[in-house]
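This report goes through the confidence, the annotated spans, the nonpolar core and the cysteines of one protein. The sequence and model are shown first.

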Amino acid sequence: MKKLKLGLAWQIVIGLILGIAVGAAFYGNPNIEGFLQPIGDIFIRLIKMIVVPIVVATLIVGVAGVGDIKKLGKLGGKTILYFEVITTLAIIVGLLAANIVQPGAGIQMDELGTASIDQYVDSANEQNSHGIADTFVNIVPSNIFESLMKGDMLAIIFFSVLFGLGVASLGERGKPVLTFFEGVAESMFWVTNQVMKFAPFGVFALIGVTVSKFGLASLIPLGKLVIVVYGAMIFFVLIVLGLIARWCGTHIFTIMKILKDEMVLAFSTASSEAVLPKLMEKMERFGCPKAITSFVIPTGYSFNLDGSTIYQAIGALFIAQMYGIDMSIPEQLTLVLVLMVTSKGMAGVPGASFVVLLATLGAMGLPMEGLAFIAGVDRVLDMARTVVNVIGNSLAAIVMSKWEGQFNEQKAQDYIKSLEASNQTNAA
């Protein structure tokens with residue numbers, strides 16, 4: 001009799017279901033958080049521990065392999081242009097969904113529970129005080145070690161790109177440095193595979209704490225908002241990203257099949273960081289060159305948060321509708337422009353999407369305290385938007401690889417075949 005072998009995705013799903021069950025069983029019991037939160041914290045810390053070394057090492061190796069600042073500048077320009085177009089489409093999808101369904105209309109605010117948003121207000125006010133020029137100034141680190149400690153991804157990317165170009169300029173003398181970082185990257189991917197074995201326990205703990213705090217009943221009054229957000233995101237992935245994938249000669253379902261473990265993990269933890277290392281590894285195995293994967297995906301975590309911008313667009317209109325504020329077409333177009341600015345460079349901020357939405361409400365003159373009503377379901381919405389961000393950034397790596405004429409079709413086909421063979425072996 002063969003021993004049943006469960007893949008990582010199934011292990012995480014089981015952890016998710018058990019976490020929901022335990023959280024629901026101990027709803028309102030503060031003691032359960034004391035047991036589960038340390039397990040979840042350990043998992044998130046393990047992920048944060050490996051993200052920065054992987055991004056630095058793979059970027060330096062990738063950029064040094066390109067070795068041409070003109071080529072890299074061309075890639076950077078195309079990448080930012082693509083991100084801006086896709087982000088704008090995501091905002092438009094969110095606004096259309098909110099206008100058509102009107103999730104905030106008829107909401108009785110006295111029937112809703114509230115949660116504290118004080119921890120996000122200072123970050124939102126700081127974001128409102130910064131212009132777009134400040135965002136670009138902050139890309140350049142004044143102290144790279146401080147940026148590494150904070151996990152400031154844009155500053156880390158900037159330094160790694162320059163360092164990689166410096167290594168490339170040394171020619172043969174730079175080979176030992178390049179070999180060192182290649183070794184670091186390969187070692188960290190091994191560490192990632194070991195950390196992922198702990199993922200089901202981390203998911204169990206994180207979702208258990210969430211459900212025990214808010215309970216499943218908190219979804220009912222705001223069920224319409226949750227359904228609209230999830231519906232808009234499914235539409236965006238299947239239609240908008242689906243069409244882009246077809247234009248690239250692949251299928252969105254192929255990408256989702258490759259990323260099934262990462263999608264389940266991203267959904268369960270609501271953390272993009274949790275899947276960043278495996279995302280880069282899988283896209284490289286799918287045929288995207290290291291130089292493009294190591295640049296596009298980490299950059300996308302700050303500039304291409306499709307799921308987050310859909311949520312922010314719907315959330316802003318939901319608050320307006322809830323307070324009976326009618327936003328005209330010009331005001332909604334202004335909202336698009338505001339979101340395009342406020343959503344940049346916020347990936348390293350805790351509760352980034354919530355902070356961006358607070359900043360957007362403040363900039364548009366909408367009541368910021370309205371977010372206290374939806375804070376209870378923010379975790380549920382965060383789970384969905386994280387999955388969309390993951391799919392969107394993976395597709396971006398493929399688009400850029402195709403655009404640069406460097407996508408390896410044979411490698412992609414071989415990888416798909418190896419996945420199918422692996423699935424058949426597990427099924428048997």
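pLDDT is the predictor's confidence in each residue, on a scale from 0 to 100. The model is predicted, and the mean pLDDT of the protein is 82, with 85% of its residues at 70 or more. Among the elements of the protein, helix H10 (residues 223-247) has the highest mean pLDDT, 93, whereas helix H4 (residues 118-129) has the lowest, 49. Where pLDDT is low, the predicted coordinates should not be read in detail.

**Annotated spans**

An unreviewed UniProt entry lists residues 7-27, 47-67, 79-101, 153-171, 198-220, 226-248, 310-329 and 349-375 under "transmembrane region". Two of these spans are described in the table.

| Span | Distance between end C-alpha atoms | Helix | Strand |
|---|---|---|---|
| residues 7-27 | 30 Å | 86% | 0% |
| residues 153-171 | 28 Å | 89% | 0% |

**Nonpolar core**

The largest nonpolar core contains 130 residues. Helix H2 (residues 31-66) supplies the largest share of this core, 15 residues. The residues with the most contacts inside the core are Tyr-82, Phe-236, Leu-241, Leu-265, Ile-314 and Ile-374. Leaving aside residues up to four places away in sequence, Tyr-82 touches Ile-244, Leu-395, Ala-396, Val-399, Met-400 and Trp-403.

**A loop residue**

Ile-139 sits in the loop that links helix H5 (132-137) and helix H6 (144-150). Is Ile-139 buried or exposed? Its relative accessibility is 15%, so Ile-139 counts as buried, the cut-off being under 20%. Beyond residues up to four places away in sequence, the contacts of Ile-139 are Leu-154, Ala-155, Phe-158 and Phe-303. The C-alpha atoms of Ile-139 and Ile-156 are 8.3 Å apart in space, and the two residues are 17 apart in sequence.

**Cysteines**

How many disulfides does the structure hold? The count is 0. Cys-248 is in no disulfide, and the nearest cysteine sulfur to its own belongs to Cys-288, 9.6 Å away. Why is there no bond from Cys-288 to Cys-248? A disulfide requires sulfur atoms within 2.5 Å, and the sulfur of Cys-288 is 9.6 Å from that of Cys-248, its closest cysteine sulfur, so the separation is too far for a bond. Cys-248 is buried, with a relative accessible area of 6%. Cys-288 is also buried, with a relative accessible area of 2%.

Notes:
Residues numbered from 1 in each chain as written. Predicted model: local features only at pLDDT ≥ 70, side-chain atom pairs only at ≥ 80, totals over all residues. Heavy atoms only, no water. UniProt positions renumbered as here; feature names shortened; annotations may be inferred. Helix = DSSP H or I, 4+ residues; strand = E, 2+ residues; numbered from the N terminus. Core = buried A, V, L, I, M, F, W, Y, C linked by side-chain atoms within 4.5 Å. Buried < 20%, exposed > 50% of the residue type's maximum accessible area, 1.4 Å probe, protein only. Contact = heavy atoms within 4.5 Å.
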